[in-house]
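Dear colleague,

I am passing on to you the structure below, together with some notes on what turned up in it. Please read them with the sequence and the model open beside you.

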Amino acid sequence: MKNKLFKIFALFAMASMLLAACGGQVAATQAPEAKVLRVWIQWGDNPQQIQTLFDKYTAETGIKVEVTAPVEDDKILPAMTGSEPPDVLVLSGGDLVKSYYREGLVDDLSGAIQSGGIDLTDFFDAPLQQCKQGDKILCLPWGTDMYALFWNKDMFEAAGLDPNTPPKTMEELAEFADKLTVRGADGNLEQIGFLPDQGWDHSELYVRMFGGFWYSDDGTQLTANSQPMIDSLTWQQQFYTNYNADDVMALSSGWGDAYMSADYPFYTGKMAMYVDGEWMTGPNFISAFKPEASYGVAPFPPPADHPERANTAVVQGTVAVIPAGAKDKDASAKLLAWMMSPEIVAEEFCFNANLPTSKKAAEDPCFTENEKFKVFMDLMASPNAKHIITTPISLEFNDAYGLVFEQVVHTGADPKPLLDELQAEFAPKLEEALK
Amino acid sequence: MQGLRMSESKWVWPPKFPKWGYRKRANFRTGMLFLLPWTIGFLVFTLYPMVTSLIYSFSIYHSRQPLEWVGLQNYADLLKDDLFWQSLSNTVYIVGIGVPLTLLVSFLCAVLLNLKVSGQSIYRVIYFLPSIVPTVASTILWLWILNPQVGILNSILESIGIDGPNWMSNPAWSKPGLILLGMWGTGGTIVIYLSGLQDVPTTLLEAAEIDGANWWQRLWHITIPMVSPITLFNLITGVIAAFQYFTQAYVFSGFQGLGYPLNSTLFYSVYLYQNGFLYLKMGYASAMAWILFIIILICTLLLLKVSARFTYYAG
C-alpha cells in the first residue's frame, strides 16, 4: 500500500514537472507581452491621481505604466538589489542617492539625459545641484520643497503683536516667541511661541542663516564643528532651555502624530510660530484640516547682523533615479524625460502644491495665484536659495547629528565638544567614502 | 524514520539498506519524502542565509559588486563602536528587567485566572485578547496611552496625585514605557502558565492544606516549584525574544527617528537594521547578527545549566 502511495506521489510529481515545462514552452512561443514600465514613488498622498497622470504617457506612447505610490521604505533596497527593480524610482529626498551610486544601485544619468533629450537648462539650479557628484548627475529633481516661517495671526493678536508683521530677525523671533509662550495657573506650559524642530529638525535652514553648513559647498569636507553649526544649535537651544526643556517636551510630545489632522498644534492655538514647507499652503493641508485658520507665511528671518542673508532657504525634495538593474534603460530614459517635461511637472505639482523644478513649468499661473505659495516661489528664485548638500555618508551622519541635536537642544548640553567629537568621527568616514 | 527503528534495536547511521527488507526500504523512502519539504525549506531559507551571512560578516558587502574580504575587521570595528555597546546595553535592560517582570506579572495573572470564580473563562479571554492584537497596532495604541498630555496612564497617575513622566521623550522613561507595553501583550505566556498550573496535582495541594499550610505557603512550596519547568521555558523564549526586540521600538520611535529619545530605544536589532538596510553596511550588520546569535546561544546554555538548581521535574 505504501509503495503504491509512493508511486502515485512520484507520478504526480513527474506530471507536474512535465506540465510546468510544457507551460514554459507554450509561454515562450507566445507573442511577447506588451511592455509595462514600473514607477515607484516613495511618497504619494494621492496614488490614484499619480496613476492618472502616468496614464497620459500610455495614451501618448502605448506603453503601459504601473505606478506604485507610496512605496514603503523597506521595499526599496531589496528591489534595487534584486533582479526586478522599478524602471524609474522617485525618492522623497536625495539623502541616499550618493550611497546608492557608490553601491552601484543607480545609474549616472548623463546618458539618459542625452538619449531622452532632457533640457538641463530648464531646471532650477538649486534642486539640480543636490543630484550632482563631480561631473556626474545621479538623479533629477521632480518637484521640490522649501521651508519658511508660518505664524498664527490670532495668537499674535492675543499676545499684543501685529498679526500682519512677522519677526524681521532671528533675535526678534526669539523675543516674539517669549511673548507668545504662555503658562497656565498650574505652572504648566499651555502654548509655545516657537518650536525650532516642530515636525522634524530644520537645522539645515538655521545653519545656512548663520552662514555655513555641515559640509563644504562641494561636499568633500565635513564642517560639523564650524561656528555656524555651534551658533545654530545654541540659537535653537534657547527655545527649550528658557522654558524648562522638560516642560516644552511634555507639551510637544503630547501632540503625537497630528500633522495631518485638525488637532495640529498650530491650528489649535498651542504653537504660534514654526517652520514648514510650501505644501501646507495648498489644498491638502491647512485648507483641508482647518480652512478658517488665520495664518501668515514669510521667509525665515536672518540674524540681525547679517541682513544680506534675507531670503535664505534650502531646497530639498523629491528626486528621480534610474535603478542600475532596470531592464530597458532606453525606455526608462524616455519615461524620465516625459516626467521632466514642463507640462507634466506643472500638472503634477500644481495639483500637489509642491514647487516646480522646471523653469518653464513655473510660469504656469497656478504657482503664483496663491499668495502664500508665491512666498516659496520667490524663495526658489532668490539668489540665497541653497541646495541641500548630500554625500555618501549623509544618512549615517544625519542620525549621529540627530543625537547631538537632542543632547544640545533638548537637554541643554554644550554644543562645542559634541560637535568636535562628531567631526572627529565622521571626517575620516567621509574621506573614505569619497575615495 | 519508523523503518530505522524497526530494523535495529538502536539508531544506525548510515542506514544499512542491504539488510532491510522491501517494506522497510519503502517505509524509509516514504519517511524521507515526508521530510523533504521541511529539509528543503531549512536548507534554502535557514542554512543558506546563515552561511552567507557568516561569509558577509568577514567582508564589505556590495549588492551588485564583488565582496571585499576584510577578515575580522567588522568584528573589531564593532567592539570600538559606541552605538554597538549602547544598543547592547539597551537590549540587556529589556532582557534583565523586562523579561523577569513580564514573567512575574504573567504568573500572577495566571494564578488569578486559575481561581475557581464565576466568569473565569471570560476573564481568561480578556487577558488573552491583547496578545492577538498585531504588535504595530498595539504599539501605536500605547503611544496614545503613554501620551503625556492626553494619555490615559498619566491621567490615572494624576488622579492619585502623581505627576506622570514624559514616557516618550524622556530617555529614563522610554524603556519602562516599552516594558509596560510588553506586559500588556503577555497573554501567550499567561496561557502557558495556566496550563502548567492546571497540572499541579491537587493531591499535593490538599495534603498541604490538611497539614495547615496557608495560601502563600502552598503557592511558594508547591505551585511555584511544580511550574518551574514552565518558568524555564517562558524565561528562555522570553530572553531570546527580548534579544531580538525590534518592532515595538521601531514603531515607538518611528516618528522622531530610530532610537529616540537620546538613543534610549536604540536596541540591538534596531541598530543592526539601521546598519544593514539604511546605511547599506550589510557586512557590518551580518557581524552584528552573528554576535547576537552567539550571545543568545551562551545565555540559553547558561540558563539551562543554572536551571538545574531551581527546576523541578516530577518523576
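In which loop of chain A does Pro70(A) lie? This is a predicted model, as you should keep in mind throughout, and in it Pro70(A) sits in the loop between β2 (64–68) and α3 of chain A. The peptide bond that leads from Ala69(A) to Pro70(A) is cis, with omega near -5°.

Chain B also has a cis peptide bond, which joins Tyr260(B) and Pro261(B) with omega at about -5°. Pro261(B) belongs to the loop between α13 (247–252) and α14 (268–278) of chain B, and Asn263(B) lies in the loop between α13 and α14 of chain B as well. Although Asn263(B) is not a glycine, its phi is positive, at about 60°. Asn263(B) counts as buried because 26 other C-beta atoms lie within 10 Å, where the cut-off is 20 or more.

In chain A, Ala353(A) has a positive phi of about 55° without being a glycine, and is found in the loop between α14 (342–352) and α15 (371–381) of that chain. Ala353(A) is likewise buried, with 23 other C-beta atoms within 10 Å.

As for how the chains meet, 28 residues of chain A are in contact with 26 residues of chain B. The elements giving two or more residues to the side of chain A that touches chain B are α1 (2–29), α3 (73–81), α11 (245–253) and α16 (394–410) of chain A, and α16(A) gives the most, with seven residues. Sorted by class, that side of chain A has eleven nonpolar, nine polar and eight charged residues.

With best wishes

Conventions: Residues are numbered from 1 along each chain as its sequence is written. Chains are lettered from A and ligands numbered from 1 in the order in which they are written. This is a predicted model: local features need pLDDT of at least 70, side-chain atom pairs count only at pLDDT 80 or more; totals for chains, interfaces and linings use all residues. Two residues are in contact if their C-beta atoms, placed from the backbone, lie within 7 Å. Helices (H or I, at least four residues) and strands (E, at least two) are DSSP runs, numbered from the N terminus. Ala, Val, Leu, Ile, Met, Phe, Trp, Tyr, Cys and Pro count as nonpolar, Asp, Glu, Lys and Arg as charged, and the others, Gly among them, as polar. A residue is buried if 20 or more other C-beta atoms lie within 10 Å of its own, exposed if 12 or fewer, and partly exposed in between; C-beta atoms are placed from the backbone.
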